[in-house]
Number of protein chains: 2
Amino acid sequence: MSKHSPSALKPRKTPSQSRSRVTVDAIFEATIQVLLKQGMAGLTTTSVAERAGVSVGTMYQYFPNKQALVYALNERFLTRLAEKVEDTCAGMAGRRACEGAEALIDTYWSVKTERMELTHALYRSVAELDNDALVQDFAARVDRATEGMFRACPDLSTGDIDQINLSLTAVIYGTVRNAFERGLEQENISALKSDLKAMCRAYLSSVK
Amino acid sequence: MSKHSPSALKPRKTPSQSRSRVTVDAIFEATIQVLLKQGMAGLTTTSVAERAGVSVGTMYQYFPNKQALVYALNERFLTRLAEKVEDTCAGMAGRRACEGAEALIDTYWSVKTERMELTHALYRSVAELDNDALVQDFAARVDRATEGMFRACPDLSTGDIDQINLSLTAVIYGTVRNAFERGLEQENISALKSDLKAMCRAYLSSVK
DNA sequence: CAGATATATGAAGGAATATTCAGTTTTGGG
DNA sequence: CCCAAAACTGAATATTCCTTCATATATCTG
């Protein structure tokens, strides 16, 4: 378990019967829906319970407090993201660096775009609940994956891999997020994406 | 006044005597300090008033509610940022595109870096208080400035200026923010900055 | 089917804190 | 020097919401 999961945030108990598994799923789903419809401000224990069709007490059987609920939700999504990135990086091992970078952009972009609104809402929830630590953990995990990928590139000298990895990921993740913050049209988004790829390509051939 | 400044967020009254001007300044300063020391969670009307050395009631003479206070604070900083960017863009009119881009990076970076902690705190405060509208307004303002700059570049064909402006600014602003979210060392930061410049240069010569 | 375990309920308690306002003090112009 | 306007005070109010727990219901196991 991550060092950034103090007991105050850990699930209280794990469902053992199928009934409760359904309940927990409903709670997660309700959390998402409330987050989308009302934002963090409207995310009260009552509103979530109501939407999930359970009583507040039930929520507290599985989550020690409201914060833990949002924490768990973010954990779910970050895990999914990390796994996808890891898959991509593994699949690109040994390919040229710019191919790896492009694949990384595609993967990251598609995961974040898949559920735009939710992604946006989760970004904010992290800021509000001081869940940076959680994000940092996942950033480190994803960084290991991309670093490994770049380290295995035949066309990259091993010297500056750390910095190359840092710069590429900072630019990619930053740009993706920025694309969310502005409400870009689909047309602009895809142009931005291909421009981003072009920049990464150009950068890589300059440091090669 | 911006269309995104509903009366609920506008200052209640403007100080006329010098005593109250001092008071309002103290309130702003206190807000910053509390934000830095306690974060958004600890930013209560009481804590701000206490730190400012005034009573809560005084705060409410100038700001209709807590949100308005943070709103005003963000407005201050965004205005400063916008002005600096506008200055830079005006100063770069007629220069080559990559020079303009580099100057933009330097300006934006230095404003954000000047008070790192505060910048970080303000980023979060915006997310928490749903102040996107405010940010969007300033983004538009800054965008006009950069677009003008690029439009005046002798080495850029006028056709794709909009997209070029969009892509460059998205990458630049996104990367800067990402640099804050990770707790990068000064060394990595400056390497990242020069890599970012390299990418922008390379991108511009590819579309020229 | 009976006891044991797991799950669910939701009213009541309680803590935090945003906001008001009636009364007091300070300021500056005439 | 005086008084109207400006500024300030802070206890009291009002609201919002998280969290608990005693009780009830459902499910499982032997």
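The following exchange concerns the DNA contacts and the chain interface of a predicted model.

Colleague: Which residues come nearest to DNA strand C?

Modeller: Strand C is surrounded by 22 residues, a residue being counted if a heavy atom lies within 4 Å. Sugar and phosphate make up 78% of the strand's atoms that come within 4 Å of the protein. The residues that come nearest to DNA strand C are A:Ser20, A:Thr23, A:Ser55, B:Thr45 and B:Tyr60.

Colleague: How far is a polar side-chain atom of A:Thr23 from a phosphate oxygen of DNA strand C?

Modeller: Several side chains of chain A approach phosphate oxygens of this strand. For A:Thr58 the separation is 3.0 Å from a side-chain N or O atom, and for A:Tyr62 the corresponding value is 2.8 Å. For A:Thr23 the distance is 2.4 Å.

Colleague: Which element gives the most to the surface near DNA strand C?

Modeller: The elements that give two or more residues are helix H1 (18-42) and helix H3 (56-62) of chain A, together with helix H3 (56-62) of chain B. By class, the residues of this surface divide into 5 nonpolar, 12 polar and 5 charged. With 4 residues, the element that gives the most is H3(A).

Colleague: What percentage of the atoms of DNA strand D within 4 Å of the protein belong to sugar or phosphate?

Modeller: Strand D has 24 residues around it, and the closest are A:Thr45, A:Tyr60, B:Ser20, B:Thr23 and B:Ser55. Bases supply the remainder of the strand's atoms within 4 Å of the protein, while the portion belonging to sugar or phosphate is 75%.

Colleague: How far is a phosphate oxygen of DNA strand D from an N or O atom in the side chain of B:Ser20?

Modeller: Side chains of chain B reach phosphate oxygens of strand D. A polar side-chain atom of B:Thr58 lies 3.1 Å from one such oxygen, and a polar side-chain atom of B:Tyr62 lies 2.9 Å from one. For B:Ser20 the distance is 2.8 Å.

Colleague: Which element gives the most to the surface near DNA strand D?

Modeller: Two or more residues come from each of helix H2 (45-52) and H3 of chain A, and from each of helix H1 (18-38) and H3 of chain B. The residues of this surface comprise 6 nonpolar, 13 polar and 5 charged. The greatest contribution, 4 residues, is that of H3(B).

Colleague: What area is buried between chain B and chain A?

Modeller: The contact draws 34 residues from chain B and 33 residues from chain A. On the chain B side, B:Arg124, B:Arg182 and B:Met199 lose the most area to chain A, together 23% of what that side buries. Carbon and sulfur atoms give 53% of the buried area, which is about 3,000 Å².

Colleague: How many salt bridges does the rule find across the interface of chain B and chain A?

Modeller: One salt bridge joins the side chains of A:Arg124 and B:Asp130, with an N to O distance of 2.8 Å. Polar contacts between the two chains amount to 16 residue pairs, both members being at pLDDT 80 or more. The number of salt bridges found is 6.

Colleague: Which helix supplies the largest share of the side of chain B that touches chain A?

Modeller: Four elements of chain B give two or more residues to this side: helix H6 (116-128), helix H7 (132-151), helix H8 (161-181) and helix H9 (186-207). The residues of that side divide into 14 nonpolar, 11 polar and 9 charged. The largest share, 13 residues, comes from H8(B).

Terms used. Residues are numbered from 1 along each chain as its sequence is written. Chains are lettered from A and ligands numbered from 1 in the order in which they are written. This is a predicted model: local features need pLDDT of at least 70, side-chain atom pairs count only at pLDDT 80 or more; totals for chains, interfaces and linings use all residues. Side-chain values use heavy atoms; hydrogens and water are left out. A polar contact is a pair of N or O atoms within 3.5 Å; within protein, one must be able to donate a hydrogen and the other to accept it, and residues adjacent in sequence count only if both atoms are side-chain atoms. Ala, Val, Leu, Ile, Met, Phe, Trp, Tyr, Cys and Pro count as nonpolar, Asp, Glu, Lys and Arg as charged, and the others, Gly among them, as polar. Contact means heavy atoms within 4.5 Å. Buried area is the accessible area (1.4 Å probe) that two parts lose on being put together, summed over both. A salt bridge is a side-chain nitrogen of Lys or Arg within 4 Å of a carboxyl oxygen of Asp or Glu.
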